[in-house]
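Colleague: Before I rely on the descriptions of this model, I should like to hear the reasoning behind them.

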Amino acid sequence: MEREWVVEESVVVAAPARDVYAAVADPRRMGEWSPEVFATWVRGRAVRPGTRFVGFNRIGWRVWFTTCQVSAAVPGEVFAFRVTSFGVPVALWGYRFEDVSPDPSEPRTRLTEYWEDQRRDHRGAGFVSLLGKVFTGVPAERRAEVNRGGMRATLDRIRTAVEKG
């Protein structure tokens, strides 16, 4: 099977895009949503392009951190961030928000989470792939599969929380 470099998963949330965006675009809340992230440290108060944060992650007994920088933050449209390890690109994570309401009185938003593996076409790709396997226990070739499952869980948690209000 050929390695997957990009993964996307979507869910429809019964809420306006601005409400869904507000829940997703605060890295401090990632621990509520993601099955891997258990904490974040955000540099500064405002979250906008350029904001840096550290994600603390866990799979089983394995614990590691990621260094991230917000690359896009357009309310109700897109929120994305780049992940690096020792300054080497690892991944791009993001969320897109699309109004899919046939009736304006019943807001519905398609929330799409996406991930792109950045561990290719540069000098440090092999190094960060090896680090990823050592720290996470997941070889680079299986990361897309693991992320797909995590994304489904994340999107379901976001949908449930936002719809409850």
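Colleague: In what sense do E5 and strand E6 pair, and over how many bridges?

Modeller: The model is a predicted one. In it, E5 and strand E6 (residues 88-99) are paired in the antiparallel sense, with eight bridges. Two strands count as paired if there are at least two bridges between them, so the term applies. Within this pairing, Arg 82 is placed opposite Leu 92 in E6.

Colleague: What joins E5 and E6?

Modeller: They form a hairpin with two residues between them, and Phe 86 in the turn has a positive phi of about 55°. On the other side of the topic, strand E4 (residues 62-74) pairs with strand E5 (residues 78-85) in the antiparallel sense over seven bridges. Val 74 faces Val 78 in E5. The hairpin of E4 and E5 has three residues between the strands, and Gly 76 there takes a positive phi near 75°.

Colleague: How many aromatic pairs are there?

Modeller: The count comes to six aromatic pairs.

Colleague: Why is the pair of Phe 38 and Phe 56 called tilted?

Modeller: The ring centres are 6.5 Å apart, and pairing requires centres within 6.5 Å. The planes of Phe 38 and Phe 56 stand at 45°, neither under 30 degrees nor over 60, so the pair is tilted. Phe 38 lies in strand E2 (residues 37-42) and Phe 56 in strand E3 (residues 52-59), 18 residues apart, and the pair thus links distant parts of the chain.

Colleague: Are Phe 38 and Phe 56 buried or exposed, and what makes them so?

Modeller: Phe 38 has a relative accessible area of 36%, and Phe 56 has 31%. Buried means under 20% and exposed over 50%, so both residues are partly exposed.

Colleague: What makes the pair of Trp 93 and Trp 115 tilted?

Modeller: The planes of Trp 93 and Trp 115 are 50° apart, with 6.4 Å centre to centre. Because the angle falls between 30 and 60 degrees, the pair is classed as tilted. Trp 93 belongs to strand E6 and Trp 115 to strand E7 (residues 109-117), 22 residues apart.

Colleague: Why does Trp 93 count as buried?

Modeller: Its relative accessibility is 18%, and the cut-off for buried is under 20%, so Trp 93 qualifies. Trp 115, at 2%, is buried by the same cut-off.

Colleague: How do you know that the charged end of Arg 58 sits over the ring of Phe 38?

Modeller: The charged end of Arg 58 is 4.1 Å from the centre of the Phe 38 ring, and the limit on that distance is 6 Å.

Technical notes: Residues numbered from 1 in each chain as written. Predicted model: local features only at pLDDT ≥ 70, side-chain atom pairs only at ≥ 80, totals over all residues. Heavy atoms only, no water. Helix = DSSP H or I, 4+ residues; strand = E, 2+ residues; numbered from the N terminus. Buried < 20%, exposed > 50% of the residue type's maximum accessible area, 1.4 Å probe, protein only. Lys NZ or Arg CZ within 6 Å of the ring centre and 35° of its normal.
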